[in-house]
Amino acid sequence: MWTITSTLLLTCCLRAALVQSQDHDDIKPGYKRNVWEDEIEFLTKGTRDECSLSVTGQGDLTKLRITCLGLERSYWCEYQGKPQVCRSYNNNPLHYFRQIMWDLRKLPNACQGQRVLKPLMCRRASDEAQMVFTSASSSDTKPMDRTAQDKPNQPKAVKSTKQKKITTPKPTMPRPTTPVPTSEAKKLAQDYCWRSFQGVCSFVIGWFRN
């Protein structure tokens with residue numbers, strides 16, 4: 001009885017070891033299993049695409065894959081980097097990728113964000129701690145280069161070469177007034193008659209002169 005029990009126990013142990021060995025053989029050399037059993041899931045803004053973040057490792061590199069499924073489209077993109085050079089990442093790696101997810105869910109397309117992802121918790125770390133874009137499912141899902149901001153073309157103001165002529169009116173010269181010659185009869189009346197009778201005197205003198 002003891003022999004049968006020992007044989008069965010040994011068989012179970014050998015089978016479990018064989019299955020575990022096969023599982024390790026299925027993993028490519030240099031690759032690790034998914035960092036977490038459960039992927040980080042989120043919805044994009046507006047389009048509400050169902051997206052997930054999965055993280056794997058290859059040597060010193062950490063690989064991030066973003067996969068999204070919408071009503072009329074599906075797409076994916078990949079980033080890689082060395083976040084382990086950041087001390088905060090080593091303390092809480094899950095929070096590192098959650099911060100990335102918080103930024104991606106603000107976009108209508110999760111793969112059209114920045115070409116370089118560096119969460120706030122590792123801002124002071126070296127550039128090696130950031131995740132850099134490597135590939136995508138199509139050119140439409142590639143991140144946009146936001147290093148140079150596009151400014152709208154504004155028409156330049158064209159100065160008019162035509163100058164308005166300001167015409168100043170010429171001053172009008174007063175016409176010379178020609179003195180009206182005083183008749184001899186009137187002059188004699190002014191010299192020899194009272195002022196109140198000058199008109200009568202002038203008439204009388206003129207009548208006599210004629």
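How much space lies in the largest pocket? In this predicted model, the volume of the largest pocket is about 190 Å³. Twelve residues line the largest pocket, and those closest to its centre are Asp103, Leu104, Gln114, Val116 and Leu117. Two elements, helix 3 and strand 5 (116-117), each give two or more residues to the lining. Helix 3 gives the most, with three residues. By residue class, the lining divides into six nonpolar, four charged and two polar residues.

The pocket belongs to a protein chain with five helices and six strands. Along the sequence, these elements follow the pattern α-β-β-β-β-α-α-β-β-α-α. The protein chain has 210 residues, of which 25% count as buried. Of the contacts between residues at least 6 apart in sequence, 53% join residues at least 24 apart.

The six strands form an open sheet in the order 1-2-3-4-6-5, with antiparallel pairing. Strand 1 and strand 5 are the edge strands, each pairing on one side only. Strand 5 thus appears both at an edge of the sheet and among the elements that line the largest pocket.

At the edge formed by strand 1 (40-43), the two faces of the strand can be told apart. Ile40 and Phe42 make up the covered face of strand 1, and Glu41 and Leu43 the uncovered one. Strand 1 pairs with strand 2 over four bridges in the antiparallel sense. Both residues of the covered face have partners in strand 2: Ile40 stands opposite Leu53, and Phe42 stands opposite Cys51. The two strands form a hairpin with six residues between them. Within the turn of this hairpin, Gly46 has a positive phi of about 85°.

Strand 2 (50-58) is joined to strand 3 by nine bridges, and the two run antiparallel. Thr56 stands opposite Lys63 across this pair. The connection between strand 2 and strand 3 is again a hairpin, here with two residues between the strands. Gly59 in the turn has a positive phi of about 65°.

Strand 3 (61-69) and strand 4 (74-81) run antiparallel and are joined by eight bridges. Leu69 has Ser74 in strand 4 as its bridge partner. Gly70 lies in the loop between these two strands. The relative accessibility of Gly70 is 17%, so this residue counts as buried, the cut-off being under 20%. Gly70 and Asn109 are 39 residues apart along the chain, and their C-alpha atoms are separated by 9.8 Å.

The largest nonpolar core has 28 residues. Those with the most contacts inside this core are Leu53, Leu64, Ile66, Tyr79, Tyr96, Phe97 and Ile100. Two or more residues each are contributed by strand 1, strand 2, strand 3, strand 4, helix 3 (93-104) and strand 6 (131-136). The largest share, five residues, comes from helix 3. Helix 3 therefore gives the largest share of this core and also gives the most to the lining of the largest pocket, under the DSSP assignment of helices. Leu53, one of the core residues with the most contacts, is the residue that stands opposite Ile40 in the pairing of strand 1 with strand 2.

Tyr96 is another of the core residues with the most contacts. Leaving aside residues up to four places away in sequence, Tyr96 touches Pro83, Tyr89, Leu117, Pro119, Met121, Cys122, Ala129, Gln130 and Met131. One of these partners, Leu117, is also among the residues closest to the centre of the largest pocket.

Pro119, a further partner of Tyr96, lies in the loop between strand 5 and strand 6. Because its relative accessibility is 3%, Pro119 counts as buried. With residues up to four places away in sequence left out, Pro119 touches Tyr96, Gln99 and Ile100. Tyr96 and Ile100 are both listed among the core residues with the most contacts. Pro119 and Arg98 lie 21 residues apart in sequence, with a C-alpha to C-alpha separation of 8.8 Å.

Note on methods. Residues numbered from 1 in each chain as written. Predicted model: local features only at pLDDT ≥ 70, side-chain atom pairs only at ≥ 80, totals over all residues. Heavy atoms only, no water. Buried < 20%, exposed > 50% of the residue type's maximum accessible area, 1.4 Å probe, protein only. Core = buried A, V, L, I, M, F, W, Y, C linked by side-chain atoms within 4.5 Å. Contact = heavy atoms within 4.5 Å. 1 Å grid on protein atoms, 1.4 Å probe; cavity = no way out; pocket = protein on both sides within 12 Å on 5 of 7 lines; lining within 4 Å. Points joined across faces, edges and corners; volume = space filled by probe spheres on them. Nonpolar A, V, L, I, M, F, W, Y, C, P; charged D, E, K, R; others polar. Pairing = 2+ DSSP bridges.
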